[in-house]
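Subject: Structure handover

Hello,

Here is the structure I said I would pass on. Please have it open while you read my notes below.

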Amino acid sequence: MEEMADKPKPASAPKVDPAQQELEAMFLEFKKGVQKQFGDQDYETHYNLGIAYKEMGMISEAVEEFQLASKGQAIFIDAMSLIATCYQEKGDYEQAMQQIQAILMDERCSSGHAIGLKYELAQLYELREMKKEALELYQEIYRVDKTFKDVAKRAKKLKGNAPDTPQASASVPSRKEHTEKVKSKKQKKVSYL
């Protein structure tokens, strides 16, 4: 009898909610159906699915759909911008900032889109306590459009709180600088496929 008491009890399997399993199975079937019916080329459908997933709080799935949608020329900027928003909602501000900077570097980004994207980027800088960088972008926006949203108010607030110590410039890198950075990163990646 003592021998049995010394043996460890087998670990019990984690309890899985049957309702959750059923919901996940239904979701996978739904995704397969969408893929079968629309494929990867129906960018508008993927964009709309991304919005639906985002509204349901399914951020990873939304990002996947927006990535597919971004291949469509007509909705490239909107899809990429929503990917940045998804990263921001996940609390991944660094990834959100990188996403917006990549959009700004893309030749498809018009000056009309750029001002809104720079505003979003400045807000992210503020969230990250990068006040100098945020101020520089707000001032850049203000020079282009003094009436854009609350840019004057935000710039004034940050200017009053601007640190005296110099920091790295927040200006968006040129397309050439961005291309060189991307090439450098690609050279460093190792694939195991």
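S81 is buried, because its relative accessible area is 13% and the cut-off for buried is under 20%. Keep in mind that this is a predicted model. S81 sits in helix 5. Leaving aside neighbours within four places in sequence, S81 is in contact with I103, L117 and E120.

Next, the core. The largest nonpolar core has 42 residues. Which of them touch the most other members? They are F66, L104 and Y138. Seven helices are worth finding on your screen here: helix 3, helix 4, helix 5, helix 6 (93-105), helix 7 (111-127), helix 8 (131-144) and helix 9 (151-160). Each of them supplies at least two residues of this core. Helix 5 gives the most, with 9 residues.

Now helix 4, which spans residues 59-69. Its buried residues are I59, A62, V63, E65, F66, L68 and A69. What covers them? The cover includes helix 3 (43-55) and helix 5 (76-89). F66 is thus on two lists: it is one of the buried residues of helix 4, and it is among the core residues that touch the most other members.

On to Y138. Leaving aside neighbours within four places in sequence, Y138 is in contact with Y119, A122, Q123, E126, V151, R154, A155 and L158. One of these partners deserves a closer look: E126.

E126 lies in helix 7. Is E126 buried or exposed? E126 is buried, because its relative accessible area is 17% and buried means under 20%. The side chains of E126 and Y138 are joined by a polar contact of 2.5 Å. Not counting residues up to four places away in sequence, E126 touches A134, Y138, R154 and L158. R154 and L158 also appear among the contacts of Y138.

Last, L49. This residue lies in helix 3. L49 counts as buried, because its relative accessibility is 12% and the limit is under 20%. How far apart are L49 and E61? In sequence, they are 12 residues apart. In space, the distance is 8.9 Å, C-alpha to C-alpha.

To look again, begin with S81 in helix 5. Then go to F66, L104 and Y138 in the core. Finish with the E126 and Y138 side chains and their polar contact.

Best wishes

Key
Residues numbered from 1 in each chain as written. Predicted model: local features only at pLDDT ≥ 70, side-chain atom pairs only at ≥ 80, totals over all residues. Heavy atoms only, no water. Buried < 20%, exposed > 50% of the residue type's maximum accessible area, 1.4 Å probe, protein only. Helix = DSSP H or I, 4+ residues; strand = E, 2+ residues; numbered from the N terminus. Contact = heavy atoms within 4.5 Å. Core = buried A, V, L, I, M, F, W, Y, C linked by side-chain atoms within 4.5 Å. Polar contact = N/O pair within 3.5 Å; in protein donor to acceptor, adjacent residues only side chain to side chain.
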